[in-house]
Every structure is written in C-alpha cells, then in structure tokens.
Amino acid sequence: EREALAAAADALAAPRAEAAGLQSSAAEAQGRVLALYQALQSEVQQLQQRSYAPPPPLNAGFAYRVRDSDVNVSGGFSQGRGQLQVSAVDDDTLMEGDPALVTAPSHGHVGVSVVL
C-alpha cells in the first residue's frame with residue numbers, strides 16, 4: 001500500500017514539475033523576446049532622430065571690389081547670422097625695389113561692419 005501511495009504521489013507530482021519547467025522556459029523565452037524588442041525599438045528611435053534632425057548650417061560668403069575705386073564690399077552668412085562689411089582702402093601705396101620682397105604699408109583703412 002505504501003508503494004501504491006508513493007506511485008500515486010509521484011504521478012501527481014510529475015505534471016506539476018513538467019508545468020514548472022514549461023513555465024520557466026516560457027519566462028526565459030519571454031525575456032529574450034522582450035530584450036530583442038527593446039533593442040529594435042532603440043534602433044528605430046535612433047533612425048528617427050537622424051532622419052528628423054535639422055540639416056547642417058549653411059555657410060556662404062562673398063567679396064566685391066568696386067572697379068576704379070577704393071571700396072571693397074564683403075559679406076557672409078554663417079550659422080544663421082549674416083555679416084556685411086564695406087571697406088575703403090587706399091591703394092596709393094609706394095613700392096620700392098622688388099615687389100615680391102618689399103612693399104610700403106598702406107596709408108589707411110576705413111571700414112564699416114554690420115552683423116545681422
């Protein structure tokens with residue numbers, strides 16, 4: 001009779017052990033799926049941030065020397081700010097000797113700068 005009771009107890013415990021094993025393996029699989037989902041969600045967020053990021057700032061510049069005058073106009077646009085510069089430079093500098101080696105300093109420089 002003792003053996004019959006032990007066999008009956010073992011028969012009742014076997015499905016419980018099998019259910020516990022299935023529950024444990026299901027929890028492990030659920031953890032792996034959740035980790036994969038979080039990794040994919042992170043990648044999607046990074047791609048969205050890159051695609052919606054503002055474009056790099058535009059930088060541009062120009063310079064113009066008014067013909068037959070001492071007026072130079074230059075300007076630029078950098079990182080959302082504009083700059084306009086008007087300069088008057090005296091070109092009557094005297095050069096003595098070889099121009100590549102010796103030049104006289106300019107007599108003066110007058111300019112106006114506006115930053116927008």
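# A tour of the predicted chain

Begin with the whole protein chain selected: of its 116 residues, 3% count as buried, where buried means under 20% relative accessible area, exposed over 50%, and partly exposed in between, with a 1.4 Å probe and protein chains only. This is a predicted model, in which local features need pLDDT of at least 70 and side-chain atom pairs count only at pLDDT 80 or more, while totals for chains, interfaces and linings use all residues. Residues are numbered from 1 along each chain as its sequence is written, and side-chain values use heavy atoms, with hydrogens and water left out.

Colour the chain by pLDDT, the predictor's confidence in each residue from 0 to 100; the mean is 77, and 77% of the residues reach 70 or more. Select residues 94-104 next, where pLDDT stays under 50 and the model has 4 contacts beyond four places in sequence, a contact being heavy atoms within 4.5 Å.

Switch to a cartoon, which shows 1 helix and 4 strands in the order α-β-β-β-β from the N terminus. Helices (H or I, at least four residues) and strands (E, at least two) are DSSP runs, numbered from the N terminus.

Now select residues 59-65, strand E1, together with residues 71-78, strand E2: these pair in the antiparallel sense over 7 bridges, pairing being assigned if DSSP finds at least two bridges between two strands. At asparagine 59, look across to E2 for its bridge partner, serine 78. Between the two strands of this hairpin lie 5 residues, and aspartate 68 takes a positive phi near 55°.

Add residues 81-89, strand E3, which pairs with E2 in the antiparallel sense over 8 bridges. Here glycine 75 stands opposite leucine 84, and glycine 76 stands opposite glutamine 83. The E2-E3 hairpin has 2 residues between its strands, and glutamine 79 in the turn has a positive phi of about 50°.

Stay on E2 and select serine 74, which counts as buried because its relative accessibility is 16%. Leaving aside residues up to four places away in sequence, serine 74 touches Phe62, Ala63, Gln83, Leu84 and Gln85.

Turn on the surface, whose accessible area for the protein chain comes to about 10100 Å², with 59% belonging to carbon and sulfur atoms; such areas come from the Shrake-Rupley method with a 1.4 Å probe, and for residues only the protein chains shown count as cover. Select Phe62, Tyr64, Val66, Val71, Leu84 and Val86, a nonpolar patch with about 490 Å² of accessible area together. Patches are made of residues with over 30% relative accessible area and no salt bridge, with like charges joined within 9 Å and nonpolar side chains (Val, Leu, Ile, Met, Phe, Trp, Tyr) within 5 Å; a salt bridge is a side-chain nitrogen of Lys or Arg within 4 Å of a carboxyl oxygen of Asp or Glu. E1 and E3 each supply at least two residues of the patch.

End at valine 86 in strand E3, which counts as partly exposed because its relative accessibility is 33%.
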